[in-house]
Amino acid sequence: MKMTACSSGVILQAVTISTDTGVSLPSYEEDQRSKLIRKAKEAPFVPVGIAGFAAIVAYGLYKLKSRGNTKMSLHLIHMRVAAQDFVVGAMTVGMGYSMYREFWAKPKP
C-alpha cells in the first residue's frame, strides 16, 4: 500500500485491486472529513436537521430558567417534541428533494 497526500491535506491510501484480466486499478480510501463532506453534498438536509435540532435544544436550555410556572418535565417534553418535529420536517423535505432530483429533474435520454 502507498500513502499519498493531496493539496487539501487529505491523506489517500492507494490499494491495488487485481482483476481476472491482469489489470490493476488504484482505489483510494477516504478519511472521515472528506466522507462527511461528500455525504453532506449528497443529502444536504441531514446537516440542516442536525443543526436545527442542536439550535432548538440550545434555545430550550437557555429558556430553562425563565420558564415561569411551567414544570421542568413539561418544558423538556415540549423542547424534545419541537426538536423531533424539526428533524422529521428536514427529513421529509430532504426526501422530497431527492425524489425530485431523481425522477423529475433528470434529463430525458
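Reader: What share of the 109 residues of the protein chain counts as buried, and what makes a residue buried?

Author: A residue is called buried when its relative accessible area is under 20%, exposed when that area is over 50%, and partly exposed in between, with a 1.4 Å probe and protein chains only; by that definition 12% of the 109 residues of the protein chain count as buried. This is a predicted model, in which local features need pLDDT of at least 70 and side-chain atom pairs count only at pLDDT 80 or more, whereas totals for chains, interfaces and linings use all residues. Residues are numbered from 1 along each chain as its sequence is written, and side-chain values use heavy atoms, with hydrogens and water left out.

Reader: How do you know which pattern of helices and strands the protein chain follows?

Author: Helices (H or I, at least four residues) and strands (E, at least two) are DSSP runs numbered from the N terminus, and the protein chain has 3 helices and 3 strands, which read along the sequence as β-β-β-α-α-α.

Reader: How do you know what span helix α2 should have, and what do its end C-alpha atoms show?

Author: The expected span is 1.5 Å times one less than the number of residues, so the 18 residues of helix α2 (residues 45–62) should span 26 Å, and the 25 Å between its end C-alpha atoms agrees with that. The buried residues of α2 are Gly49, Gly52, Ile56 and Gly60. They cover an arc of only 70 degrees around the axis, taken from the directions from the helix axis to the C-beta atoms, and therefore lie on the same side of α2. Among what covers these buried residues of α2 is α3 (72–104), while the face turned away from the buried side carries the exposed residues Ile50, Leu61 and Tyr62.

Reader: Is isoleucine 50 buried or exposed, and why?

Author: Isoleucine 50 has 56% relative accessibility and therefore counts as exposed. The residue lies in helix α2, and its C-alpha atom is 9.0 Å from that of alanine 90, although the two are 40 residues apart in sequence.

Reader: Why is the pair of phenylalanine 45 and tyrosine 97 called edge-to-face?

Author: Rings of Phe, Tyr and Trp (its six-membered ring) pair if their centres lie within 6.5 Å, and planes under 30 degrees apart count as stacked, over 60 as edge-to-face and the rest as tilted. By this rule the count comes to 2 aromatic pairs. Phenylalanine 45 and tyrosine 97 have 5.8 Å centre to centre and 70 degrees between the planes, so the pair is edge-to-face. The pair links distant parts of the chain, with phenylalanine 45 in helix α2 and tyrosine 97 in helix α3, 52 residues apart. The rings of phenylalanine 103 and tryptophan 104 also make an edge-to-face pair, because their centres are 6.3 Å apart and their planes stand at 70 degrees.

Reader: What makes the contact of arginine 38 and glutamate 42 a salt bridge?

Author: A salt bridge needs a side-chain nitrogen of Lys or Arg within 4 Å of a carboxyl oxygen of Asp or Glu, and the side chains of arginine 38 and glutamate 42 meet at 3.1 Å, N to O, so the definition is satisfied. By this rule the count comes to 1 salt bridge. Arginine 38 and glutamate 42 are separated by about one helical turn, because they are 4 residues apart in helix α1 (residues 32–42). Arginine 38, with a relative accessible area of 33%, is partly exposed, and glutamate 42, at 41%, is partly exposed.

Definitions and conventions. Contact = heavy atoms within 4.5 Å.
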